[in-house]
Amino acid sequence: MNSIEEILDLCLEERRKGVPLNDVLAKYPGQAEELRPLLLLAAGLEAAPKPEPRANAVYNALIEAGQYLPVKRSPGPRFRLDWLSLPQFTFTRAVAAVLIFALLGWSAVGASAGALPGELLYPVKLAAEQVTLVLAFKPEGKAELRLTFSEQRMQELLARYRKDGTIDAELIKEMLEEAKLALDKISALPKEKQALFYSKVLHFNDYQKDTLQSLQPHVAGAQRKYIDDAIEDCSSRGEWMRNMREKGVYCPWEGSADCDWR
Amino acid sequence: METPEIPKETIEKAKDSDSGAIAEIFEHYYARIYRGLYYRVRTAQDAEDLTSEVFMKVVRSIQRQSGNFEAWLHTIAKNTLTDYYRRKASRKEYSADEKELEAVPDNNQRDGGCFTQEELKTAITKLTGEQQEVIVLRFIEGCDNEETARITGKSVGAVKALQFRGLAALKDILKEDCRL
């Protein structure tokens, strides 16, 4: 004689095969009363929504994971000379940065953080970004910055919309362009970091698409087309990137005909 | 089960700090671990934070991983969840922000005319840890008995017993709403 636990499990299997509840219970008349609510509940649990994490949550986790990964040294010559890391170039970059900040003024740079296009401090904000880019010596730092700038453009887009209800097409263009530049940087990354960064860009793209889609219903008229087009760009970019990854090809450095980046 | 097990070669590559393999593990298991945690914590934000915490632990300790990968991953998730409950218990009260985050999109839709997703979540969190684990694996993640047994480190018989006791306890918790 099977225990009630065993019988419940047999009934669950039957139900999963599509056998109607009453037919299943008819096989166990002695336990039917006890089993019925449990089988109904199990069906409710199986039908419960299966939530997905937000794309930016996965993206942020990937970014954080990248910080824990040790950089593996390539087996090449131990003292390979990289002109970009030569002391004189490092020095030149640092001097350039200091000069720019001196010209702009530290307080102006700080105050420009929330500036939007058309505002007095916005050019200061863009200049500060360029300085940060110059100061980032490692390719992975530059690539991460491109994503940060893309995120910045998106936040500006949303802030502008909240402020005066307009959609700035130029910001959308720059947002997509910065993300593309991040992807272009992959070829310069250490081999062992390329795939992870590729995943980051992919999730970042999904995150931007999600954000634009949540904005879409609130935008009407001619402005709506900018959002529609950007969502389409994100969709095709995401699809393209997933296809490339399935093939194990991380464009655009492979030079493949499939790498026709839009 | 929704997703097949990840190839052993990928795990080995990940142990060698191969970022592609790490990304593959994220792609493969992130949503699944998130879903498992979602039904066991208060808010979607908590589930996201915990999932991120789980995967940071995976990245930091994968070199020491041995045995079944999924079981190891679920053990990390289980321990992370235990820490979360401890933190919550020590805080007792939770903030207004968290209360706000609790609102879920289908809050007013009753599954099968019986209970809302939020009621279900609340009911699941009232089960014992072992019952929660088995109920979520079996009915939310869609694992069969053998997979559930492997992941939880229990026998198939024990899984069936926990499944029965878990469903019976859930029925008692939800009965007022569902007339089960």
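Here is a walk through a predicted model of a complex, taking in chain A, its contact with chain B, the core and the confidence scores.

Let's start with chain A. It's a helix-only affair in terms of regular elements: there are 11 helices and zero strands. Read from the N terminus, the order is simply α-α-α-α-α-α-α-α-α-α-α. Of the 262 residues in chain A, 28% are buried. If you take the contacts in chain A with a separation of 6 or more, 60% of them join residues 24 or more positions apart.

Helix 8 of chain A is a good place to stop for a moment. This helix covers residues 139–164, which makes 26 residues, and at 1.5 Å a residue it should span 38 Å; the C-alpha atoms at its two ends are indeed 38 Å apart, so the expected and modelled spans agree. Plenty of its side is tucked away: the buried residues are A:Ala143, A:Leu145, A:Arg146, A:Leu147, A:Phe149, A:Ser150, A:Arg153, A:Met154, A:Glu156 and A:Leu157. What covers them? Among the elements lying over the buried residues of helix 8 are helix 7 (122–135), helix 9 (169–184) and helix 10 of chain A. Just past the end of helix 8, A:Gly165 has a positive phi of about 75 degrees.

Now for the place where the two chains meet. Chain A puts 38 residues into the contact, and chain B puts in 40 residues. On the chain A side, helix 1 (4–16), helix 3 (32–47), helix 4 (55–68) and helix 10 (191–215) each supply at least two residues. Helix 3 of chain A gives the largest share of that side, with 10 residues. Sorted by class, the chain A side holds 24 nonpolar, three polar and 11 charged residues.

That brings us to the core. In soluble globular proteins, nonpolar side chains tend to be buried together. Here the largest nonpolar core has 90 residues, and those with the most contacts inside it are A:Val201, B:Ile22, B:Phe26 and B:Leu37. Helix 2 of chain B, residues 19–38, gives the most to this core, namely 11 residues. The core also draws at least three residues from each of domain 1 (1–103) and domain 2 (105–180) of chain B. For a closer look, pick B:Phe26: setting aside neighbours within four places in sequence, B:Phe26 is in contact with A:Val58, A:Ala61, A:Leu62, A:Ser199 and B:Phe55.

For a contrast, go to B:Glu9, in helix 1 (residues 8–15) of chain B. Is B:Glu9 buried or exposed? B:Glu9 counts as exposed because it has 9 other C-beta atoms within 10 Å, and the cut-off for exposed is 12 or fewer. The C-alpha atoms of B:Glu9 and B:Ala21 are 8.8 Å apart, with their positions 12 residues apart along the chain.

Finally, how confident is the predictor? Chain A has a mean pLDDT of 79, with 77% of its residues at 70 or more. Residues 73–89 of chain A fall below 50, and that stretch has four contacts beyond near neighbours in sequence. Residues 253–262 of chain A also stay under 50, with 15 contacts beyond four places in sequence. Chain B averages 82, and 82% of its residues score at least 70. Within chain B, confidence is lowest in helix 5 (residues 96–101), with a mean of 40, and highest in helix 7 (residues 129–140), at 93. For the complex, the predictor gives an ipTM of 0.78 and a pTM of 0.60.

Note on methods: Residues numbered from 1 in each chain as written. Chains lettered and ligands numbered in written order. Predicted model: local features only at pLDDT ≥ 70, side-chain atom pairs only at ≥ 80, totals over all residues. Helix = DSSP H or I, 4+ residues; strand = E, 2+ residues; numbered from the N terminus. Buried ≥ 20, exposed ≤ 12 C-beta atoms within 10 Å, placed from the backbone. Contact = placed C-beta atoms within 7 Å. Nonpolar A, V, L, I, M, F, W, Y, C, P; charged D, E, K, R; others polar. Expected span 1.5 Å × (residues − 1). pLDDT = per-residue confidence, 0-100. Core = buried A, V, L, I, M, F, W, Y, C linked by C-beta atoms within 7 Å. Domains from an automatic or database assignment.
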